[in-house]
Amino acid sequence: MSWFEICGGRPLSGELRVQGAKNSVLPILAAALLAPGQSVLHNCPGLSDVAATEKILRLLGCSVKREGETLLVDARQPTGCEIPDPLMREMRSSVIFLGAMLARLGRAELSYPGGCELGPRPIDLHLSALRKLGAEIVEEQGRLRCTAGKGLTGGELCLSIPSVGATENAMLAACGAQGTTTIVGAAREPEIVDLQNFLNAMGARVSGAGSPVVSVEGGFPLHPAEYTVMGDRIAAATYLCAVGAAGGTLELEGVEASHLAAVAACLEEAGCSLQAQGGRICLKSRGRLGGVRTVRTAPYPGFPTDAQAVLMAALAGGSGTTVFVETMFENRYRHVDELARMGADIQVAGRVAVVTGRPLHAAQVRSTDLRGGAALVVAALAAEGCSRVEGLEHIRRGYQDFEGQLAALGAEIRLRP
Ligand code: EPZ
């Protein structure tokens, strides 16, 4: 298996264009199933999660062609309505196809996504929302057999947790439901707004995304659309934390600065200077970041759980103390033991982690999950000496050409063997 060899301890400097957002392109690819014809999607990053989603679309009878970072998705004649278990296991967020399959095909069969390395990943809110719209869902032997025999009918849905996936599934199903659907307690993430914009480009009538109440006037025929996916705010946060930790300068383009406000505030408090100028974010850092006030992960616009690991890695090599509280997932500190191999002092008690910054040294470490793997790279870039980061399959799920992007900043990072 390949690994990264990273020789750290030196400042970085340069400019990067941020990849398209993984967590936006996945639901938008599912949404392309709603319209007969070919949609053209720009800024689709080459990631293994995107490749898995393309596989699902092909299994459902769509054609998918990649031209650079553009995907051409033709859903003229879907022929399948089943997502096989191995693909569900490969990517649990495939559950996002449920709403679109019910809306377009009237039926869907897939397996329970099950937990992942972050802990249990329930989908009760997805299922109750879809049932409220008229779907019949039978759960047997780990499989979900879903039908919308009499079609879907709009209604008022109330989410007890602002679940990103449940909000997206409800929006997609509601587009195929007769009448108006109101989603109360919706997630407010920018990726929800991106999905709304794509759906409306297809002729849907969705409003309110970004607020806690999203409305969909369903039942209108949808047509294919051409659309450019938003920039990936978590990939952007990762590169900002990398340069923040190693020291140096970074100019990022292709991402909306307001999507990163919570992360930027922490990096500024830790000693970085950040400016947003016309679609570009500029960071300057002297390295050895200080501690910041308690970082409590929360739904948007709170501090994003997906940036917790990379910020923790950046602060672990600094000179201050920071308390993290991970409120979103049960098991999102698996990178801590690997960071400890680099000398990090991080004490974990349940959902709380206390980071006491100190100089890190190189080590051989292994990624445990997508963002935890990125965190190990962030730490290795700041650590003295040459580290070996294994488990790249996790990192490939969410970072396009990670080593190329970092090398463009002057990082000494090589893919081995
Ligand atoms: C999305 O996952 C993202 N994935 C995750 O990013 C991200 O961490 C998460 O939102 C939170 O922002 C994609 O968009 C593909 P949720 P999702 O439903 O939709 C509970 C990454 O690293 N919940 O908002 O699965 C759930 O257990 C990934 O890119 C229920 O209880 O997250 C969690 O505690 C990791 N019942 C909380 O809600 C449900 O039916 C938020 O989960 C659904 C969720």
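Okay, a definition to start: angles under 35 degrees count as roughly parallel, over 145 as roughly antiparallel, 65 to 115 as roughly perpendicular, and the rest as oblique. The axes are lines fitted to C-alpha atoms, for helices over the stretch in contact, and angles run from 0 to 180 degrees between N-to-C directions. Helices (H or I, at least four residues) and strands (E, at least two) are DSSP runs, numbered from the N terminus.

Quick housekeeping. What you have up there is a predicted model, where local features need pLDDT of at least 70 and side-chain atom pairs count only at pLDDT 80 or more, while totals for chains, interfaces and linings use all residues. Residues are numbered from 1 along each chain as its sequence is written, and side-chain values use heavy atoms, with hydrogens and water left out.

So, helices. Helix 10 and helix 12 pack at about 20°, with their axes 8 Å apart, and therefore the two are roughly parallel to each other. Their crossing is right-handed, as in the near helix being turned clockwise from the far one by less than a right angle; anticlockwise would be left-handed.

Helix 12, residues 370-382, also meets helix 8: those axes come within 8 Å and cross at roughly 25°. That makes helix 8 roughly parallel to helix 12 as well, and this crossing is right-handed too.

Over to helix 6 (residues 164-175) and helix 7 (residues 190-201), whose axes come within 10 Å and cross at roughly 10°. So helix 6 is roughly parallel to helix 7, and again the crossing is right-handed.

Now, empty space. On a 1 Å grid over the protein atoms alone, a cavity is a set of points where a 1.4 Å probe fits but cannot get out; a pocket is an open set with protein on both sides within 12 Å along at least five of seven lines, and lining residues have an atom within 4 Å of a point. Grid points are joined across faces, edges and corners, and a volume is the space filled by probe spheres set on the points.

How many cavities of 30 Å³ or more turn up in the whole structure? Just 1. The largest cavity has a volume of about 50 Å³. Its lining is Ala 21, Lys 22, Asn 23, Glu 191, Asp 232, Arg 233, Ile 234, Asp 306 and Arg 371. By type, that's 2 nonpolar, 1 polar and 6 charged, counting Ala, Val, Leu, Ile, Met, Phe, Trp, Tyr, Cys and Pro as nonpolar, Asp, Glu, Lys and Arg as charged, and the others, Gly among them, as polar. Helix 1 (22-31) and helix 8 (233-246) each supply at least two of those residues. And domain 1 (3-18 + 231-416) and domain 2 (22-228) each give at least three, with bounds from an automatic or database domain assignment.

The second largest pocket holds about 170 Å³. Its lining includes Gly 9, Arg 10, Arg 288, Pro 359 and Glu 384, and splits into 6 nonpolar, 3 polar and 3 charged.

Hang on to Arg 288. It isn't a glycine, yet has a positive phi of about 45°, and it lies in the loop between strand 17 (280-285) and strand 18.

Last, the cis peptide bonds. One joins Tyr 300 and Pro 301, omega about 10°, with Pro 301 in the loop between strand 18 (295-296) and helix 10 (308-316). Another joins Arg 416 and Pro 417, omega about -5°, and Pro 417 sits in the segment after strand 24 (412-416).
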